[in-house]
Amino acid sequence: MLFLYNLAVLVASFVLKLIANFSPKIKLFVNGRENVFSQLQLEIAGEDKVIWIHTASLGEYEQGLPIIEKLKIAYPNFKILLTFFSPSGYEVKKNTSVADLVCYLPLDTKENAQKFIALAKPKLAIFVKYEIWPNYLQELHKQQVPTLLISAIFTKRKIFFKIYGDFMRKSLHTFSHIFVQDKNSQELLRSIHINNSTIAGDTRLDRVSEILERDNSLDFMKTFKQGNLCLVAGSTWPEDEGILLDYINSPDQQLKFVIAPHNIKKSHIQKLKEAITKKTILFSELDNKGTNNAEVFIIDTVGLLTKIYSYADIAYVGGGFATGLHNTLEPAVFGIPVLIGPQYKGFKEAEDLVELKGVLPVATKLEFQKTLAELAQKEGFRKETGTINASYITQNKGASLKILSYIETLL
């Protein structure tokens, strides 16, 4: 199977180069990897001590960030090398100051793995959540580099637990230690004779907990809200917006609404604004218009959503109708109820909070309207639901400290 895997990687490499001529995203994926080895050669000297953290994309970066930040403080004489697999992570974070060097991870061939590790010379390698690359892991094991998998979560559906997954099981065995999110993941690892694991939880809970320690104030949100109840709908897609619009346009309620669409292209923003019958302001219009008389505020920029959630009395998180649920923890940390679409399976924190009744899934417009109206009208219900979310995060944070304690035994 490993032979077939290596063959598949080589074929994929060839195909991706062809597709890159027609797809801007694939072009970034291919072209971004062309200079990785020269970057490493230029920026990592022979005497440098390197800690390598690899993430797939932006979500995994957020999981790894609490660890990276603590490593920078605890080990200032080490260089931090951060790699991404996906352009959607790299292109956003390529200039981040938390790492000394940020680059793509070359495709998982034996040759690439050997060359990459020879140039990077890591003293420690940390992979986040799902990133299992057999050739890189085998080379790290061969070079006796301590290697950790953090915030990992496993289900029976994964290849590691299938009859044909032997070569991937061997990859898991190369890790020095695996930090899993839950007991089920640990038991699944034990079923394939991997006993070097610790239940640490999800490092994202540490990440969102830190949000409360920041200054989240935004003058334009204070002006807009003016003491009214406010629903903030974050990372919405057209399917989510279709659920929201009827309620927003209804004259029978007094909420104010903030919509932060995932797609902020002008054409989509204009279409969304035209579908709203109430007075609506865009973030990009703030220089010319005030927000105090507006009932709906569309955020047609990025980077503000987390702070905006701090002004919400109720949140709606998009992606649960089609594309994949976005981050429910960012609004949950502020102790407010969170509404989502019906497709949340596979997102552990959402599954947990749905079971606890802090996150409320809705499948239809009518269900959304009924649930939102109940939250808006019943202050006790609203506060009780929000408290569930805040308590969940408080009770389950701390994964980073467990991981850092283990790292102290390695460096």
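This text leads through a predicted model, from its sheet to a bent helix and then to a pair of packed helices.

The sheet is open and consists of seven strands, arranged in the order S3-S2-S1-S4-S5-S6-S7 with parallel pairing. Strand S3 (101–104) and strand S7 (197–199) occupy the edges; each has a single partner strand, so one side of each lacks a neighbour in the sheet. On average, neighbouring strands are turned by 20° against each other, direction ignored.

At one of these edges, S7 pairs with strand S6 (residues 177–180) in the parallel sense over three bridges. Here Ile-178 stands opposite Ser-197 of S7. Helix H9 (residues 183–191) packs on the sheet, where it touches strand S5 (147–152), S6 and S7. The direction of H9 makes about 165° with that of S7.

Helix H4 (residues 58–74) invites a check of its length. Its 17 residues, at 1.5 Å a residue, should span 24 Å, and the end C-alpha atoms are indeed 24 Å apart, so expectation and model agree. H4 nevertheless bends by about 45° at Gly-64, and the proline Pro-66 follows within four residues. Gly-64 and Pro-66 are both among the buried residues of H4, which also include Glu-60, Tyr-61, Gln-63 and Leu-71.

Further along the chain, helix H17 (residues 365–377) packs against helix H18 (residues 379–396) at an angle of about 105°, with the axes 5 Å apart. Angles of 65 to 115 degrees count as roughly perpendicular, and H17 is therefore roughly perpendicular to H18. In this packing, Glu-374, Leu-375, Ala-376 and Gln-377 of H17 meet Glu-379, Phe-381, Arg-382 and Thr-385 of H18.

Definitions and conventions:
Residues numbered from 1 in each chain as written. Predicted model: local features only at pLDDT ≥ 70, side-chain atom pairs only at ≥ 80, totals over all residues. Heavy atoms only, no water. Helix = DSSP H or I, 4+ residues; strand = E, 2+ residues; numbered from the N terminus. Expected span 1.5 Å × (residues − 1). Bend = angle between axes of the 7 residues up to and from the residue. Buried < 20%, exposed > 50% of the residue type's maximum accessible area, 1.4 Å probe, protein only. Pairing = 2+ DSSP bridges. Axes fitted to C-alpha atoms, helices over the stretch in contact; angles between N-to-C directions. Contact = heavy atoms within 4.5 Å. Parallel < 35°, antiparallel > 145°, perpendicular 65-115°, else oblique.
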